[in-house]
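Visitor: Could you take me on a close look at one part of this protein? I'd like to follow a single sheet and the loops around it.

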Amino acid sequence: MRRPLALAAAVLFALFPAVPATAAPMDPEDGTGGRNYPRGGEGPEGSEIVFNFQDERIAESSGLAPSLRHEGVWWTHNDSGDFAAEVYAVNEEGETVATVALNVELRDWEAISVAQGPEGEPAVFVGDIGDNFGGSWPNIRVYHFTEPEILSDMVLDPAVLTFTYEDGGRDAEGLMIDPRDGRLYVVSKEFAGSVYAAPENLDPVGENVLSRVDSAPLFATDAAFSPDGTRYAIRTYWGVTIYDSTDGVPGSSVGSFDLPEMEQGESVAFTSDGTALMAGTEGINSPVWRVPLEGEQLPGIAADADAEDVDASPVADSEEAGDDEGGSSGATPLILGGVAVAAALIGGIVLLVRRT
């Protein structure tokens, strides 16, 4: 009995292609410089530098977010250190087109997001959520101001949201806001990082308690939602994980991959069309990369547009019309023929087994 069955298995393996192996996750201890100095890899095919920050005041870009009012404009800011409490609007050439000075303390700014604010207009949210002392701050703060309709240098007094963690202080660098309902999330940067959700209704005066809703990748340095909220990304120094949040947070992972090599990768954001990520790093004149997404990584807004392009393409039209020149319809007879041969061989083997 075993010999014919082994023969059947061999036939099946010969007829059908092998399933590609999933790449093993990258060990933080591997690569350049060890765990404390991760750099990343080559990144997905098509990754490219879009611009370098031209403003030398932007020496430790720690967050990145696309404008909702101004096409091609990105907001960024510096990390903790001897920096002014300023937020910068940068164009696609890396030039600073506006500087917004905030009359607040720059304690440890780590993230930025642009979303609909309490007044129903686009607002810039700046996360003073870092804690280099391992969670010693009694609370964290998120500053926000209405995104200017006209980009120019200005000084503002932003509104302040105050948060505490339900399970004690944390060091965090990820801040993301769901565009569908405006709910805010903080992602902690730890060996066992976590995703924390803010209350649905925020208290603009008192403290808001952040509740743990999921785990997060090791050493998360930023996070962002796609424009339609159906995907979110959590990046680390060396890579990124994309989650399907169609049904909310926590979402399910739809893939992880290396980001291009960076000195100290700190920021991530989706492009306005959802087809790619923008990823930045610290340093004077540091680069910002565009990293394309594909397959399940694409949010609904981008996947729908991609499907429309395919349906409207000449190849798709020829396939629907029965044109089998290199199309899927041309491959169908071959596939069916292969299945028929396999069925015949297996049937013969079963008959042989019964006779023996």
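Guide: Here's a walk along one sheet, its loops and a neighbouring strand. This is a predicted model, where local features need pLDDT of at least 70, side-chain atom pairs count only at pLDDT 80 or more, and totals for chains, interfaces and linings use all residues. Residues are numbered from 1 along each chain as its sequence is written, and side-chain values use heavy atoms, with hydrogens and water left out.

Strands here are DSSP runs of E with at least two residues, numbered from the N terminus, and two of them pair if DSSP finds at least two bridges between them. Our sheet is open, with four antiparallel strands in the order S15-S16-S17-S18. Its edges are S15 (220-225) and S18 (252-258), each pairing on one side only. From one strand to the next, the twist averages 20 degrees, going by axes fitted as lines to C-alpha atoms, with angles from 0 to 180 degrees between N-to-C directions.

Now zoom in on S17 (residues 239-244): six bridges tie it to S18, antiparallel, and Asp-244 has Ser-252 as its bridge partner there. The loop between S17 and S18 holds Pro-250, and the Val-249 to Pro-250 peptide bond is cis, with omega near 5 degrees. Most peptide bonds are trans.

Over in the loop between S14 and S15 sits Phe-219. Phe-219 isn't a glycine, yet has a positive phi of about 55 degrees. Phe-219 is also buried, at 13% relative accessible area (buried means under 20%, with a 1.4 Å probe and protein chains only).

Back in S14 (residues 207-215), four bridges lead to S13 (residues 194-197), antiparallel, with Ala-197 partnering Ser-211.

Conventions: Buried < 20%, exposed > 50% of the residue type's maximum accessible area, 1.4 Å probe, protein only.
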